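I opened this entry to keep track of what I looked up, beginning with burial and the overall fold and then turning to one helix and a surface patch.

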Amino acid sequence: MELMSEIFDHYSRYTGTGIFMVLFFVSLVYLGIHEKNEKNRIVLLYGSVAVMITIFIPLVYYLYRRFVERFSGDSTYWRMW
């Protein structure tokens with residue numbers, strides 16, 4: 001659970017007031033309802049959801065921290081996404 005708290009700590013530091021995340025989720029709902037072209041829907045809707053899910057998986061954070069941050073020296077997890 002320590003990894004999840006670190007992930008949410010990084011998340012809260014880079015989201016600011018949270019208005020961009022609200023707009024992001026509103027746009028996902030809009031795309032889910034109104035986008036009829038399946039290719040656009042896959043790229044814009046499903047791709048965005050997949051990236052958001054990937055960001056919050058502790059294993060991904062652990063691997064990133066172990067192999068990338070070790071060489072860079074500072075926390076770049078959220079800047080990467």
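For burial I took a residue as buried when its relative accessible area is under 20%, as exposed when over 50%, and as partly exposed in between. The model I am reading is a predicted one. With that cut-off, 22% of the 81 residues of the protein chain count as buried.

I then went through the secondary structure, and found six helices and zero strands in the protein chain, so ordered that the elements run α-α-α-α-α-α from the N terminus on.

Next I looked at H3 (38–55), whose 18 residues reach 24 Å from the first C-alpha to the last, close to the 26 Å expected at 1.5 Å a residue. I noted a kink of about 30° in H3, centred on Gly47. At the start of H3, a side-chain oxygen of Asn37 comes to within 3.1 Å of the backbone nitrogen of Lys39. For the buried residues of H3 I listed Arg41, Leu45, Met52 and Ile55.

Which residues make the nonpolar surface patch? I found Val49, Ile53, Ile57, Leu59, Tyr62, Leu63, Phe67 and Val68, together making a patch of about 660 Å². H3 and helix H4 (58–67) each supply at least two residues of the patch, and H4 gives the most, with four.

I checked Val68 separately, since Val68 is found in the loop between H4 and helix H5 (69–72). Its relative accessibility is 35%, and Val68 therefore counts as partly exposed.

Key:
Residues numbered from 1 in each chain as written. Predicted model: local features only at pLDDT ≥ 70, side-chain atom pairs only at ≥ 80, totals over all residues. Heavy atoms only, no water. Patch = residues over 30% accessible without salt bridge, like charges linked within 9 Å, V, L, I, M, F, W, Y side chains within 5 Å. Areas by Shrake-Rupley, 256 points an atom, 1.4 Å probe, with all protein chains shown as cover. Salt bridge = Lys/Arg side-chain N within 4 Å of Asp/Glu carboxyl O. Buried < 20%, exposed > 50% of the residue type's maximum accessible area, 1.4 Å probe, protein only. Expected span 1.5 Å × (residues − 1). Bend = angle between axes of the 7 residues up to and from the residue. Polar contact = N/O pair within 3.5 Å; in protein donor to acceptor, adjacent residues only side chain to side chain.
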